[in-house]
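Thank you all for coming. I would like to walk through one model this morning, and I suggest that you keep the coordinates open while I talk.

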Amino acid sequence: MSLLPEASAPSVPFSFELYPPRSPAAAEGLHETIRLLAEARPSFLSVTYGAGGSTGGDSLAVLRHIRRTTSVEPLAHLTCVGNTYAGATALIREFLDAGITSFLALRGDPPAGVGEDETFLGDLESAAQLVQLIDRVQAERAPYTEAAIPGLPGAARVQSRPRAQIAVAAFPMGHPRSRHAGQHLDALLAKQAAGATLAITQLFFHPDVYLAFVERARAAGVTIPILPGIMPITSPARLRRVLELTGEELPAELAIALEVEPTAAGQREIGVTAAARLASEVVAHGAPGVHLYAFNDHRVVLAVLGEAGILTPHKETAS
Ligand code: FAD
């Protein structure tokens, strides 16, 4: 199955990123969030792996829950960090065994306190290698499928195997640790050559940043869809944390608007409006959909889609 539009899907495809819950109480809240997000009919729900201290087991539990309780495609983030080749192979098999066939293959970041130049990765050194491994493990498990031949009981036609959908990360502002401007595009081309079928971007604050990146990527030979990742920034604290994690530049206008607004509700509104404007502008200029970082809260991202005109009112779910 494709991670982008189907005939019956909403006209502008959208998807959400979640992270594994950090406590049993948070798990209950997350299940309700998943139910409400699924009602909006996203193209997929992705679940982070190893980010912010979460573990693979937790990610898989959330992905299983999405698969069991909704009709939305679950998409598993997987990282290379600290894994052996055999360990990564076993992990991919475990996800495939659980019926998860869509992945976001990532290199991952060094653990806190470990420098970029130190050995932290394990056997796989880049996301491109993980893309290849996922494709290979899936091919070994299901080299082909069989389809019944009408009128010939017991007979079957051999068909090519359904391929895993493998998304990869893209960085409109360049990867924070790239040594030169073109290095990140080389990495994206390597991931595409390895079999990636979709790129999802790091957050950005201005539509031109995404649009110019897509233009540069196309000129360099990237042909896979590049889905813009949009993060609603609903407080000064979230903005600070995100800039720290991503190395992106401070968006001065948004930062000031959040700082001078005294109430949490007002700050939330500012964040929703900024994200909605970003979403509608990139879609108006040809983005193939929007991927929203949901922070395990359905209200903000559904409000963003409503304000951007992407969710029609009857599909909005208030709570
Ligand atoms: P890679 O594509 O392997 O490359 C990273 C950089 O290394 C490149 O940009 C380039 O500068 C250089 N490079 C690598 N290969 C080449 C090459 N062949 N030629 C030239 N340069 C090269 N992290 C988590 O731990 N868990 C998550 O769940 C998670 N989810 C994410 C979701 C999204 C949408 C994004 C954008 C990031 C996410 N991350 C996550 C963060 C990600 O793991 C880090 O940003 C990491 O530093 C880079 O990962 P990557 O997959 O882009 O790495």
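Let me begin with a definition, since the numbering of elements depends on it: helices here are DSSP runs of H or I with at least four residues, strands are runs of E with at least two, and both are numbered from the N terminus. Please also keep in mind that this is a predicted model.

With that convention, helix α1 covers residues 24-39, and it is followed by Arg 41, whose phi is positive, near 60°. The 16 residues of α1 reach 23 Å from the first C-alpha to the last, close to the 22 Å expected at 1.5 Å a residue. Its buried residues are Ala 27, Leu 30, Thr 33, Ile 34, Leu 36, Leu 37 and Ala 38.

Two of the α1 residues, Ile 34 and Leu 37, bring us to Leu 45, because they are among its contacts once neighbours within four places in sequence are set aside, with contact taken as heavy atoms within 4.5 Å. Leu 45 sits in strand β2, residues 44-47, and its other contacts of this kind include Phe 16, Leu 18, Ile 66 and Val 72. Is Leu 45 buried or exposed? Its relative accessible area is 0%, and since buried means under 20%, Leu 45 counts as buried. Leu 292 lies 247 residues away from Leu 45 in sequence, yet the two C-alpha atoms are 9.8 Å apart in space.

Turning to helix α4, residues 127-141, we have 15 residues that should span 21 Å at 1.5 Å a residue, and the end C-alpha atoms are indeed 21 Å apart, so the two values agree. Among the buried residues of α4 are Ala 127, Leu 130, Ile 134 and Asp 135, and what covers the buried residues of this helix includes β3, α3, β4, β7 and α5.

Ala 127 also leads us to the ligand, as it is listed with Tyr 49, Asp 109, Ser 178 and Lys 191 as the closest of the 27 residues that surround it. Where does the largest share of that shell come from? It comes from α5, with six residues, while β3, β4 and α5 each supply at least two. By type, the shell divides into eleven nonpolar, ten polar and six charged residues.

As for individual atom pairs, a ligand oxygen is 2.9 Å from a polar backbone atom of Arg 107, and a ligand oxygen is 3.2 Å from a side-chain N or O atom of His 184. Taken alone the ligand exposes 980 Å², of which the protein buries 84%.

How values were computed
Residues are numbered from 1 along each chain as its sequence is written. This is a predicted model: local features need pLDDT of at least 70, side-chain atom pairs count only at pLDDT 80 or more; totals for chains, interfaces and linings use all residues. Side-chain values use heavy atoms; hydrogens and water are left out. A residue is near a molecule or strand if one of its heavy atoms lies within 4 Å of it. A polar contact is a pair of N or O atoms within 3.5 Å; within protein, one must be able to donate a hydrogen and the other to accept it, and residues adjacent in sequence count only if both atoms are side-chain atoms. Accessible areas come from the Shrake-Rupley method with a 1.4 Å probe; for residues, only the protein chains shown count as cover. Ala, Val, Leu, Ile, Met, Phe, Trp, Tyr, Cys and Pro count as nonpolar, Asp, Glu, Lys and Arg as charged, and the others, Gly among them, as polar. The expected span of a helix is 1.5 Å times one less than its number of residues. Buried means under 20% relative accessible area, exposed over 50%, partly exposed in between (1.4 Å probe, protein chains only).
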